[in-house]
Amino acid sequence: MNNPLKIVADENMPALDTMFNGFSVTRVAGRTMSAKDVETADVLLVRSVTQVNEALLSRAKHLKMVGTATIGMDHLDQAYLLDRGIPFFNAPGCNAEAVVDYVLAAIHNLLPEDFPLRGLTVGIIGAGNVGGRLQKRLSLAGVNTLVCDPPRALAEGEEGFTRLDTLLSKSDVVCLHTPLTTVGSFATYHMLGEAELRLLKPGAVLINAGRGPVVDNQALSRVMDQRNDLIVALDVWEHEPSVDKDLADKVALGSPHIAGYSLDGKLRGTYMLRERLSELLGIAAPPPLRELLPLAPISSVTVTESASVLDVISVVYSVVSDDRRFRRSLSAVNQAASFDLLRKNYPVRREFSTLTVNGVVDPYKRQLLSAFGFNLSPVSTYVPSE
């Protein structure tokens, strides 16, 4: 390619060389990306840690595209980009499966092993790419779900949606999957403040794998001081990469914003932006994503009759290991830098759908594992001869 396009990309985006072969790619730390870093860029590729606004782009005079390899776009100043006439794209759904895997792993780690999952009511706040997939998987597993999504309820009608206060008071598990918005009738900033948190039923599990500021972290800390029955898992934090250590000590599971950090999700995000660039410039599309995904290190497992659903989940993903690494990082001299280092050096993790499970006979376990996305080998049935 003559005079290849100059691409500036977050250094944590995978497969840049493979998917942008023939382009000039410069990798930059996303958290500290500056106007100087992008001033000669033709294409800017970021993740959620980079604020894309006038301060970053004021010197970038040749930008043809901005892409974020994330579902959310609250870190993009969309009004500014529109005013500049710079096309911008996200990667909707790229890591949604991984976030749902995280939520299911968290639920199975936080509740007793013998707790009947089908007896739960799970409240899902936000029914977009992640929330919608979570509801589908849980419904296939026979779990009752309540969904709160005021913008969708307004657009589609109230049927099938639940008021926030009702959801909070009736759900055994509450999962947050909203974007972060600060203005408008449905702003999500501090959607769960102290009053809302006090509506949680006794023994409720609260999981935030969406955006940190959707929950008032100081209010959550106060409520947890007074209610030791609440079980909380936080993958996102209000002022990350800085973390409220006092709150972190109180939660049952903590992690550094990695719920969506599967290799599959990361590659899917990069791939989707490569597709948008092809469409924008009218150039050849990349090869199919399946040709770029490596085989999982463990793609098949045979389990005994006594194996639990959590045992199978743990073959693919250990949310407890994430928690342990995160807690060790909290004692670092520069805790915020350690938070980002955990993200940068995150172990390779695959999605549930990459594992085939053999030997599961129990019908309910089969229902759960299939609903959660695992592949199950057929059950052999003995048919006596005549």
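**Exercise 1.** Place Arg211 in this predicted model: which elements flank its loop, and is the residue buried or exposed?

*Solution.*
Step 1. Arg211 sits in the loop that runs between strand 9 (205-208) and helix 10 (217-226).
Step 2. Its relative accessible area is 15%. Buried means under 20%, so Arg211 is buried.
Step 3. Look beyond the neighbours within four places in sequence. Arg211 is then in contact with residues including Ser48, Gly72, Asp74 and His257.
Step 4. Take Asp74 from that list. The side chains of Arg211 and Asp74 are joined by a polar contact of 3.0 Å.

**Exercise 2.** Find which residues UniProt lists for "active site", and work out why they gather at one spot.

*Solution.*
Step 1. The UniProt entry, which is unreviewed, lists Arg211, Glu240 and His257.
Step 2. These residues span 47 residues in sequence, yet no two of their C-alpha atoms are more than 10.1 Å apart, so they gather at one spot.
Step 3. Check His257. This residue lies in the loop between strand 11 (253-254) and helix 12 (263-281). His257 is buried, with a relative accessible area of 15%. Its contacts outside the neighbours within four places include Arg211 and Glu240.

**Exercise 3.** Describe the largest pocket: what is its volume, and which residues of the UniProt set line it?

*Solution.*
Step 1. The volume is about 840 Å³.
Step 2. The lining has 42 residues; Ile71, Gly72, His177, Thr178 and Pro179 are the closest to the pocket centre.
Step 3. Sort the lining by class: 18 nonpolar, 18 polar and 6 charged residues.
Step 4. Helix 6 (129-140) and helix 7 (150-156) each give the lining at least two residues.
Step 5. From the UniProt set, Arg211 and His257 belong to the lining.

Definitions and conventions: Residues are numbered from 1 along each chain as its sequence is written. This is a predicted model: local features need pLDDT of at least 70, side-chain atom pairs count only at pLDDT 80 or more; totals for chains, interfaces and linings use all residues. Side-chain values use heavy atoms; hydrogens and water are left out. On a 1 Å grid over the protein atoms alone, a cavity is a set of points where a 1.4 Å probe fits but cannot get out, and a pocket is an open set with protein on both sides within 12 Å along at least five of seven lines; lining residues have an atom within 4 Å of a point. Grid points are joined across faces, edges and corners, and a volume is the space filled by probe spheres set on the points. Helices (H or I, at least four residues) and strands (E, at least two) are DSSP runs, numbered from the N terminus. Ala, Val, Leu, Ile, Met, Phe, Trp, Tyr, Cys and Pro count as nonpolar, Asp, Glu, Lys and Arg as charged, and the others, Gly among them, as polar. UniProt positions are given in the numbering used here, feature names are shortened, and annotations may be inferred rather than shown by experiment. Buried means under 20% relative accessible area, exposed over 50%, partly exposed in between (1.4 Å probe, protein chains only). Contact means heavy atoms within 4.5 Å. A polar contact is a pair of N or O atoms within 3.5 Å; within protein, one must be able to donate a hydrogen and the other to accept it, and residues adjacent in sequence count only if both atoms are side-chain atoms.
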